[in-house]
Amino acid sequence: MKLFQSALISFLIIFGVSANKLPKYKDAKQPIESRIKDLVKRMTLEEKILQLNQYTFGENNNPNNIGPEVKKLPAGIGSLIYFSANPVLRNEIQKKAMEESRLGIPILFGFDVIHGFRTVYPISLAQACTFNPELVTKACGVAAKESVLSGVDWTFSPMIDVALDPRWGRVSEGYGEDPYMNAVFGVASVKGYQGKNLSDPYSIAACLKHYVGYGMSEGGRDYRSSNISAQSLWETYLPPYEACVKAGAATLMSGFNDLNGVPATANHYTLTEILKNRWKHDGFVVADWNAVAQLVYQGVAKDSAEAGLKAFMAGIEMDMRDNIYLEYFPKLVAEKKIPMAKIDDAVARVLRVKFRLGLFDEPYTKVLDENERYLKPQDVALAEKLAEESMVLLKNTKKALPFSGNIKKLAVIGPMAKDKENMLGSWSFNGKANDVESIFEGLEKEFSGKIQLNYAYGCGFEGTDEKGFEEAIAAANGSDAILVCLGELKTWSGENASRSTIALPAIQEKLVEKLKQTGKPIILVLSNGRPLELVRLEPLADAIVEIWQPGIAGGTPLAGILSGRVNPSGKLAITFPLTTGQIPMYYNMRQSARPYQAMGDYQDIPVEPMYWFGHGLSYTTFSYDEAKLSAKKITKNEKLTIEVTVTNSGAVKGKETVLWYISDPVCSISRPMKELKYFKKKEINAGDKTTFKFEIDPMRDLSYTDGTGKRFVETGDFYIHVGNQKVKFELE
Ligand code: NOJ
């Protein structure tokens with residue numbers, strides 16, 4: 001198409017037909033800003049308002065859905081949520097926009113492509129546990145390509161909401177508890193989706209969500225208030241957004257939450273003052289689903305018209321599926337409640353993303369057969385790699401793992417063992433259970449002819465039915481070890497999936513208690529979308545492997561970990577509290593006023609969580625030499641390098657992630673106990689050593705912000721934490 005268009009333009013020029021006859025906005029040679037200006041000038045108010053509106057389209061149960069008939073769609077609509085994977089249908093709809101709307105403005109097709117399209121990758125929380133952002137960039141690149149080939153130009157991803165409460169179902173959708181991790185993995189995914197250039201054939205626009213503070217929805221309940229101090233907002237919740245905006249993220253989505261009383265969807269401070277004025281974001285913000293209408297429920301608007309007005313004036317350019325902008329804006333503009341200049345700016349922002357995506361010049365998508373679009377061998381291999389690096393060996397005692405030659409028969413028990421559907425995790429609309437390799441299938445592949453697998457269902461995910469226990473115990477008695485595969489249904493994670501406890505249902509715990517009585521070694525495999533309360537299960541298990549919701553390719557990597565073909569290298573991107581009552585529990589808390597003798601902590605349980613952020617075992621051991629500083633003192637315009645040499649002191653090759661934290665013991669504002677500033681993962685052969693380096697840039701790594709976002713650097717002592725060392729240096 002692109003080729004055809006430029007050939008046409010050259011033809012017109014050669015034969016004396018001036019290309020200038022093309023309206024400027026249609027001329028691919030013109031700079032984008034001139035094209036936008038030209039187009040906005042030509043648009044009627046109605047056409048402009050349509051651009052600010054998003055419809056839904058496809059087969060779902062949403063009553064607002066306009067149904068599958070293309071003819072019912074207004075040709076001039078700005079965007080569609082495209083609940084379909086059919087490129088032919090997309091092209092048909094797009095044709096209508098290009099040919100039947102007066103100005104031929106392409107529609108922007110958006111969809112929730114969260115952890116892969118058809119090639120479903122591990123959930124985002126698991127991706128963060130790889131500590132390997134390069135893999136995440138690649139996976140998002142594959143998701144982008146599959147999206148484009150299915151008719152999608154824009155994904156509502158990544159979610160970069162720092163989340164400290166694992167009761168919240170949406171912890172599975174983000175990158176865990178740490179702001180730096182959310183920034184690094186958010187940027188990695190923006191790079192993957194958007195590619196080098198948004199106009200590349202397989203790039204799609206990213207959407208940072210849910211701006212901002214949604215991850216702090218009170219008590220882990222969804223859609224509630226987020227009470228976040230100005231200090232924490234700037235310190236913890238905004239930094240991932242700032243990093244991703246700087247990385248060029250095209251769009252953002254506002255949260256459902258209110259932020260200290262002001263709904264995120266009507267928040268002028270965050271949407272306009274910070275995002276547009278300070279950070280100079282020039283793309284657009286879409287409201288979350290129904291979030292404009294919900295301003296009425298949230299008690300800041302008396303009706304839909306006021307809700308629309310508030311959202312728009314605060315800085316929401318696109319109304320997702322509510323049709324409020326469409327219905328009320330003509331009147332609001334006529335009454336001068338909405339200035340025309342504001343409409344023009346919003347329209348320009350939407351058009352900018354469309355121009356940058358190249359949609360005006362290449363509105364249609366290539367139509368390929370399904371087998372050419374999805375599940376390409378190299379993309380499935382990537383899914384396997386990502387799953388492999390995301391799995392975390394939480395516990396390994398009595399040499400339970402990897403299996404030695406002593407295991408000839410393995411009992412494989414539990415609701416997760418043969419499950420496929422739940423391995424996909426939430427938000428995997430185009431994922432198919434049939435594409436998933438189950439745990440059992442992975443084991444069969446790995447151990448065929450070597451270990452006899454004795455399968456028993458055991459119990460369901462929940463309920464009280466113990467009928468399967470007897471068969472499970474028999475399988476266990478007839479085996480040398482027991483692999484118990486437990487976990488969560490995929491519907492227990494994601495939106496509107498908060499849980500009052502992070503423990504697994506009692507039936508699953510009871511199954512393990514019964515199996516323990518056989519005296520056989522127990523290896524627990526967990527597949528879940530949030531940290532779990534393991535206080536009762538952990539003592540029963542000799543080893544525990546966390547596989548998260550690994551997507552389509554989890555069976556083989558897990559089997560590899562069990563056999564020892566794979567050395568586990570994942571580390572937790574989120575703390576596992578000991579009990580639900582210990583929430584919130586995260587590594588970068590501020591210092592207590594009485595940080596000794598467990599003062600102030602819950603007096604009825606231990607102080608420590610089950611597993612801290614960063615925990616993850618390996619089959620080898622890594623020993624750290626003494627860390628070396630390039631200087632003991634620096635000024636704020638200098639850089640400081642710290643290096644540590646790490647030796648693989650065990651018997652097998654392995655990957656180590658070195659985490660570099662900083663703490664500031666004396667500062668005008670009490671700082672977190674330590675903050676992650678950098679990490680690097682490297683593979684080291686047995687017996688070899690490698691040096692890891694961290695270059696400290698004082699403005700980036702030692703500064704802190706106040707509650708207005710102003711950055712400061714204070715002189716004095718700082719500590720770098722690496723491995724179990726704490727190294728002091730001074731900023732003078
Ligand atoms: C609501 C969810 O909060 C958001 O994350 C999602 O992108 C939209 N619905 C669209 O499906």
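**Exercise 1. How do the residues lining the second largest pocket divide into nonpolar, polar and charged?** Work out the make-up of this lining, then place the pocket in the fold.

*Solution.*
Step 1: keep in mind that you're working with a predicted model. Sort the lining residues by class, and you get 14 nonpolar, 13 polar and 6 charged.

Step 2: check the total and the middle. The lining holds 33 residues, and those nearest the pocket centre are Lys571, Gly614, His615, Leu659 and Gly723. The pocket's volume comes to about 880 Å³.

Step 3: map the lining onto strands. At least two residues each come from S18 (622-624), S22 (654-663), S27 (716-722) and S28 (725-731). The top contributor is S22, with 5 residues.

Step 4: go up to domains. The protein splits into domain 1 (47-111 + 323-354), domain 2 (377-582) and domain 3 (622-731). Domain 2 and domain 3 each put at least three residues into the pocket lining. As for domain 1, its C-alpha centre sits 49 Å from that of domain 3.

**Exercise 2. Which residues surround the ligand?** List the shell, then pick out side chains with polar atoms close to ligand oxygens.

*Solution.*
Step 1: collect every residue with a heavy atom within 4 Å of the ligand. That gives Asp112, Phe156, Arg170, Lys209, His210, Met253, Phe256, Asp288, Trp289, Met320, Trp427 and Glu495.

Step 2: classify them. The shell has 6 nonpolar residues, 1 polar and 5 charged.

Step 3: look for N or O pairs within 3.5 Å, the cut-off for a polar contact. Arginine 170 has a polar side-chain atom 2.7 Å from a ligand oxygen. For lysine 209, a side-chain N or O atom is 2.8 Å from an oxygen of the ligand. Histidine 210 also reaches a ligand oxygen with a side-chain N or O atom, at 2.7 Å.

Step 4: see how much of the ligand is covered. On its own the ligand has 300 Å² of accessible area, and the protein covers 96% of that.

**Exercise 3. Where are the cis peptide bonds at valine 212 and proline 584 found?** Go through the backbone angles, and add lysine 280 to your list.

*Solution.*
Step 1: recall the baseline. Most peptide bonds are trans, and most residues other than glycine have a negative phi.

Step 2: check omega. Between tyrosine 211 and valine 212 the bond is cis, with omega near -10 degrees. Valine 212 belongs to the loop joining strand S5 (207-211) and strand S6 (225-226).

Step 3: do likewise for the proline. The isoleucine 583 to proline 584 bond is cis too, with omega near 0 degrees. You'll find proline 584 in the loop between helix H18 (555-563) and S18.

Step 4: turn to phi. Lysine 280 isn't a glycine, yet its phi is positive, near 60 degrees. Lysine 280 lies in the loop from helix H9 (268-278) to strand S10 (284-286).

Key: Residues numbered from 1 in each chain as written. Predicted model: local features only at pLDDT ≥ 70, side-chain atom pairs only at ≥ 80, totals over all residues. Heavy atoms only, no water. 1 Å grid on protein atoms, 1.4 Å probe; cavity = no way out; pocket = protein on both sides within 12 Å on 5 of 7 lines; lining within 4 Å. Points joined across faces, edges and corners; volume = space filled by probe spheres on them. Helix = DSSP H or I, 4+ residues; strand = E, 2+ residues; numbered from the N terminus. Nonpolar A, V, L, I, M, F, W, Y, C, P; charged D, E, K, R; others polar. Domains from an automatic or database assignment. Polar contact = N/O pair within 3.5 Å; in protein donor to acceptor, adjacent residues only side chain to side chain. Areas by Shrake-Rupley, 256 points an atom, 1.4 Å probe, with all protein chains shown as cover.
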